[in-house]
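User: I would like to learn how to read a structure like this one, feature by feature. Could you walk me through it?

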Amino acid sequence: MHQRQEYSENKYIEIFKDYWDIFVGFSSLPLAIIFHLQGVHLLATIFAAMGIGSLAVTISEIAEILAERFGEPFGSMILTFSAVLVEILILFMVIMEAKTHPEVLETVKNGIVATVIVDLNALLGLAVFVGGLSFKEQVHNEDTSASYTTVLFVAAAMLLVPTTISLHSSQDALFKASVIIAVLLFIFYFFIFKFQTDTHVHFFKFKKRSRVKKYIKEDEHDDYYFDRKSNIFNIVFLAFLLVLIGVLSEIFANDGVVVFNSFGLTAGFVGILIAFVTVAPELFTAIRAAKNDEMQRVINIAMGASTVSILLTVPALIFLSMLIGVKLTLDFTPLQVGALLLTIMLVWKTTEDGETNYLEGLSHLMIFLSYAVIAIFY
């Protein structure tokens, strides 16, 4: 009898460990709605953020299953697309608040830049640091990082155009320039997508494993519910989760504006908070991959997500904002552009030889923490 009870308790613990994200996500949703309707802004914001983060983890788990089935580079692209959709949803809901609170557009711009900086410094840095402690040195396809850094340099340079125009031109000229740059970014991504998935697929594939330590794959649970489901089912469920995240994002944006203003938080710090909510699932996946000596997967996730975040998120937000009558412009501050360029330069330096170690990961983490300090007090 005692053994049966102990077995039952262990079973429930295992179920919670496998599905905690679903439990937390679906529990947070009604609580966020209730507190939102009652005007309790702080609790509504907290539960909305918890719901978004938890359901985003579920999305990453399902995306990872699809990723394993489709293989690289398509696998990492599924994961990054899922995360970017969450990012677009959250930032668009913040843009909708601009009708009554125009100042939140600065939070959106900070969110765009912060997501890239978190991807390339916090996510990549932590994954490389953790992997480096276990394997000393880890290897990846250097063509991958070379391609991504080239694209990121060009994308960052393109974002400089509206910023430069804003110094000496009217708001109307700035908006027109922002729209043109958004179109060019989207066209650029169209060709990059073809480059990744057609003409140069081999640039984004895994070549070899670490030469230092034998690869040990983590134990997998064959009884995970979504592992047993078809691709169609998982894709439909992903879409359902994105709808729920859309609802939570609206609450997060609506109540969050009130909370952030009441606490006097800077737009830069709020941008980092939003970035972490959207990047958290990728972060967990990247750390897991690094511990399994899959540095190619880490590079694909971190740098791929950053590329998509600029080249797809920016055009999507520009045109969605136009639909609701809000003029989002791409005039970033010198701090934002400088931090972006410095980050890309560091990524280029630490990944160019196709090998990573924990010191390089630590360097990225230090850059991120320094940026966070500026964002909090600037």
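Analyst: Happy to! Keep in mind that this is a predicted model. A good start is the secondary structure: the chain has 11 helices and 2 strands. In sequence order they run α-α-α-α-β-α-α-α-α-α-α-β-α.

User: How many of the residues in the chain are buried?

Analyst: Of its 378 residues, 53% count as buried. The outside is worth a look too: about 17,100 Å² is exposed, and carbon and sulfur atoms supply 68% of that area. For the fold as a whole, look at the contacts with a separation of 6 or more: 86% of them join residues 24 or more positions apart.

User: Let's take one helix. What span does helix 4 reach from its first C-alpha to its last?

Analyst: Helix 4 covers residues 104-135, which is 32 residues, and reaches 44 Å, close to the 46 Å expected at 1.5 Å a residue. End-to-end span is one thing to read, and local direction is another. Helix 4 has a kink of about 35 degrees, centred on V118. Just past the end of the helix, K136 takes a positive phi of about 65 degrees.

User: Is helix 4 mostly covered or exposed?

Analyst: Mostly covered, since 26 of the 32 residues in helix 4 are buried.

User: Now charges. Which residue pairs with K109 in a salt bridge?

Analyst: The general idea is that side chains of opposite charge can pair when their charged atoms come close. Here K109 forms a salt bridge with E106, and their closest N and O atoms are 3.4 Å apart.

User: Where do E106 and K109 sit relative to each other?

Analyst: Both lie in helix 4, 3 residues apart, about one turn of the helix. An α-helix has 3.6 residues a turn, so residues three or four places apart point the same way. The two partners differ in how covered they are: E106 is partly exposed at 36% relative accessibility, while K109 is buried at 5%.

User: How many salt bridges are there in total?

Analyst: The count comes to 5. Another one pairs E352 with K349, with the closest N and O atoms 3.7 Å apart. E352 is partly exposed at 38% relative accessibility, and K349 is exposed at 53%. When salt bridges share partners they can be read as a network, and here E106, K109 and D331 are joined into one.

User: Which parts of the chain does the salt bridge between R288 and E61 link?

Analyst: First the pair itself: R288 and E61 have their closest N and O atoms 3.9 Å apart. This bridge links distant parts of the chain, with R288 in helix 8 (residues 267-291) and E61 in helix 2 (residues 41-70), 227 residues apart. R288 is partly exposed at 26% relative accessible area, and E61 is partly exposed at 23%.

User: And the nonpolar surface: which residues form the patch?

Analyst: To read a patch, look for nonpolar side chains that are accessible and sit together. In this model V40, L42, L43, I46, M50, F263, L265 and L273 form one, with about 610 Å² of accessible area together. Helix 2 gives the most to it, with 4 residues.

User: Where does L273 lie?

Analyst: L273 lies in helix 8, which also holds R288 of the bridge to E61. As for its cover, L273 is partly exposed, with a relative accessible area of 31%. Patch members need over 30%, so L273 qualifies at 31%.

Technical notes: Residues numbered from 1 in each chain as written. Predicted model: local features only at pLDDT ≥ 70, side-chain atom pairs only at ≥ 80, totals over all residues. Heavy atoms only, no water. Expected span 1.5 Å × (residues − 1). Bend = angle between axes of the 7 residues up to and from the residue. Buried < 20%, exposed > 50% of the residue type's maximum accessible area, 1.4 Å probe, protein only. Contact = heavy atoms within 4.5 Å. Areas by Shrake-Rupley, 256 points an atom, 1.4 Å probe, with all protein chains shown as cover. Salt bridge = Lys/Arg side-chain N within 4 Å of Asp/Glu carboxyl O. Patch = residues over 30% accessible without salt bridge, like charges linked within 9 Å, V, L, I, M, F, W, Y side chains within 5 Å.
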